Amino acid sequence: MEKSSSSSVPKCRICNDRHFLKSCPRFLRMSVMKRRDVVKEKGFCFNCLCTSHTRHWCPSRKTCMVCQKNHHTLIHTDATLKNVHRVHGSEPVRDGDKKKQRRPPGSLSSNRASKRSSPPSHSRKPNMEDRLSRRSKTHIFLPTALTRILAQNGPEKTRVLLNSGGTQTVILKDLVDRLNLRSTIKEGKEHCIVNLQSYQDPSAKIQISGVVKRQFNIALPTEVKDEKFKKVYDHLSDLADPNFCSPKNIEIIIGNDQLPRILKAGLIQTSSRMPIAQSTIFGWAISGACQF
């Protein structure tokens, strides 16, 4: 007899539901430092977030997607990078301590001789954090979401921008005409009401109204980003826009008149150099600055 799939999923030590820690909504809403404290307090493995073993005995070959070290991406902090030598037992010697050290007998004194006697060092492969920090060009990600418009002829896929800097919602005229959406004229402006459905969760629906405009030629992001960058967010299975790295046209700009009904509690920041993930009814929306 086969066991049910739910029985194979462990009971979460945070909220008591049946899911893995990396999928726990309560855990994801915590700050990075709070998540690290919880992992340590509850006895989770720092590398894979399981409870059956510690990091030193972890069978998983996966490492942090930001710094490539032996901890989970969800508990990565900048302090982790600073302390990496101490974690691996190879803390560098401070300048003040160098005078106290004595050379062993027969050691070479000149730097030139030292270089000849020491084996060639193999430079480690640059990780994501290194690549981002070495490049000066900064790119800004604006939060986008892939949604469905529930139209008369069936659901139609469309991309929206979550614009916290705008006061009103704007709908592209071409979209209204293409889907034959009903609109009205108020105070000399065309208005339209649309029903949006989450592309990730069909049960999440919302009705929004906005001003119809003939054009706002926006394709976000403005250029194709490194697809490897998406791996930093692989632990988030429900991204609001799975193709947030590729330029796609925006047909609806959702402003602050509708945005509070779309945003949810929950914010994830893997590193100060990386964009954040904001929880929304459409899924996790990626936004912020990043160096490429």
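In this predicted model, R178 is partly exposed, with a relative accessibility of 39%, and the side chain of this arginine takes part in a salt bridge with D174, in which the closest N and O atoms lie 3.2 Å apart. D174 is likewise assigned to the partly exposed class, at a relative accessible area of 45%. Both R178 and D174 belong to helix 8, where four residues, or about one turn of the helix, separate them.

A second salt bridge within helix 8, which spans residues 173–178, joins K173 and D177, and these two residues are also four positions apart, about one turn of the helix. The closest N and O atoms of the K173 and D177 pair are 3.5 Å apart. The two partners differ in their burial class, because K173 has a relative accessible area of 15% and is therefore buried, whereas D177, at 46%, is partly exposed. This pair does not stand alone, since K173 and D177 are linked with E190 in a network of salt bridges.

A further salt bridge is formed between the side chains of R159 and D241, with a distance of 2.6 Å from N to O. Here the partners come from distant parts of the chain, 82 residues apart: R159 is located in strand 3 (residues 154–162), while D241 is found in the loop that runs between strand 8 (219–220) and strand 9 (248–249). Because residues under 20% relative accessible area are classed as buried, R159 falls in that class with a relative accessibility of 5%, and D241 does so with a value of 3%. In total, five salt bridges are counted in the model, among them the pairs R178 and D174, K173 and D177, and R159 and D241.

With regard to the protein chain as a whole, the secondary structure consists of eight helices and 13 strands. The chain contains 292 residues, of which 40% are buried. Of the contacts whose separation is 6 or more, 60% are made between residues that are 24 or more positions apart along the chain. The accessible surface of the protein chain amounts to about 18,300 Å², and carbon and sulfur atoms contribute 48% of this area.

Note on methods:
Residues are numbered from 1 along each chain as its sequence is written. This is a predicted model: local features need pLDDT of at least 70, side-chain atom pairs count only at pLDDT 80 or more; totals for chains, interfaces and linings use all residues. Side-chain values use heavy atoms; hydrogens and water are left out. Buried means under 20% relative accessible area, exposed over 50%, partly exposed in between (1.4 Å probe, protein chains only). Contact means heavy atoms within 4.5 Å. Accessible areas come from the Shrake-Rupley method with a 1.4 Å probe; for residues, only the protein chains shown count as cover. A salt bridge is a side-chain nitrogen of Lys or Arg within 4 Å of a carboxyl oxygen of Asp or Glu.
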